[in-house]
Amino acid sequence: MRYVTVFILSMIFWLLITFRFTVSNIVAGAAVAAITSAIFGRYYFHNVGKFLQPRRWFWFLVYLVTFIWACIKANFDVAYRVLHPGMPIRPGIVKVKTTLRSDFARTLLANSITMTPGTITVDIIGDEMYIHWIYIRSEDPAVYSRMVTGRFEEYIKKFAE
Amino acid sequence: MAAVILISVGVLFNLFGCLGLLRLPDMYNRLQAATKCVTLGCCSILLGVMFHYGLGSAGFRALVAIPVLFFTATVAAHALVRGAYHFGTKMDKRSVKDDYSEIVK
């Protein structure tokens, strides 16, 4: 079942990238997608049934909108710090605990943190994420972990766990 | 018209990213500017390309490139930051906190 999901996704990706709906192109795409799913199929999507729950798609959309908004904010934030003559930075690496369990959800959270204002994920060891922050706003671990993970953690928990 | 605006915004953000690369003090802060501004700048340019060509062959390719760019840019940033820290790149004097040093000796 996992292999089928990977096959379908790679096939869709191939068709979008090449965008020619001739028979030869579709056959070539099927061959490539089959090889891809044979090699990488076992690494992805441990529970395919989750794809079919509408509730998860709803939270995914909420997450996507929040994510795009955070990205745009991040850009203005960096532009402000770069253009400001005094360069208001207060960088450092902070430790943040995560409650997410699955690898996929953690990867998504790490990627989201990297794209949000002023933070880059450096490493994940066990339950702890190490995050480089360009302007540390608080000294209290409880306050800053809330600021760093934002609402992403609860949204990702709702659709990916 | 929308295409021209989006491409201009994208080029502008790429410029901010490059300025950040020059102005910010250490490797970690520079990478912040490089990932964020350049990724969204390129996404904006790709969206502009999509508007310019319409939803045909080129437009769809530009649209598919956006999520691919997001995933590769974030993973590359993480790998570079981690690699730099393990290599021993110093953080700037203005840094106030470093929890990661407990782990990396």
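These legends describe close-up views of a predicted model with chains A and B.

**View 1. The largest nonpolar core draws on both chains.** This core has 28 residues, and A:Tyr63, A:Ile156 and B:Phe70 touch the most other members. From chain A, at least two residues each come from helix H3 (54-83), strand E1 (92-97), helix H4 (103-115), strand E3 (128-133), helix H5 (141-149) and helix H6 (152-160). Helix H2 (27-53) and helix H3 (57-87) of chain B also supply at least two each. H4(A) gives the largest share, six residues.

**View 2. Surroundings of B:Phe70.** Leaving aside residues up to four places away in sequence, B:Phe70 touches A:Phe67, A:Cys71 and A:Met115 in chain A. In chain B, B:Phe70 touches B:Thr39, B:Leu40 and B:Cys43. A second, separate core holds 12 residues, among them A:Ile120, A:Val122, B:Tyr28 and B:Leu31.

**View 3. The contact between chain B and chain A.** Chain B contributes 43 residues and chain A 44 residues. Together the two chains bury about 3,900 Å², with 71% of this area on carbon and sulfur atoms. On the chain B side, B:Arg23, B:Gln32 and B:Lys36 lose the most area to chain A, together 17% of what that side buries.

**View 4. Polar and charged pairs across the interface.** One salt bridge is counted between chain B and chain A. The side chains of B:Arg82 and A:Asp123 form a salt bridge, at 2.8 Å from N to O. Polar contacts join 13 residue pairs across the interface. On the side of chain B that touches chain A, H3(B) supplies the largest share, 15 residues. That side comprises 23 nonpolar, 11 polar and nine charged residues.

Note on methods: Residues are numbered from 1 along each chain as its sequence is written. Chains are lettered from A and ligands numbered from 1 in the order in which they are written. This is a predicted model: local features need pLDDT of at least 70, side-chain atom pairs count only at pLDDT 80 or more; totals for chains, interfaces and linings use all residues. Side-chain values use heavy atoms; hydrogens and water are left out. A nonpolar core is a set of buried Ala, Val, Leu, Ile, Met, Phe, Trp, Tyr and Cys residues joined through side-chain atoms within 4.5 Å. Buried means under 20% relative accessible area, exposed over 50%, partly exposed in between (1.4 Å probe, protein chains only). Helices (H or I, at least four residues) and strands (E, at least two) are DSSP runs, numbered from the N terminus. Contact means heavy atoms within 4.5 Å. Buried area is the accessible area (1.4 Å probe) that two parts lose on being put together, summed over both. A salt bridge is a side-chain nitrogen of Lys or Arg within 4 Å of a carboxyl oxygen of Asp or Glu. A polar contact is a pair of N or O atoms within 3.5 Å; within protein, one must be able to donate a hydrogen and the other to accept it, and residues adjacent in sequence count only if both atoms are side-chain atoms. Ala, Val, Leu, Ile, Met, Phe, Trp, Tyr, Cys and Pro count as nonpolar, Asp, Glu, Lys and Arg as charged, and the others, Gly among them, as polar.
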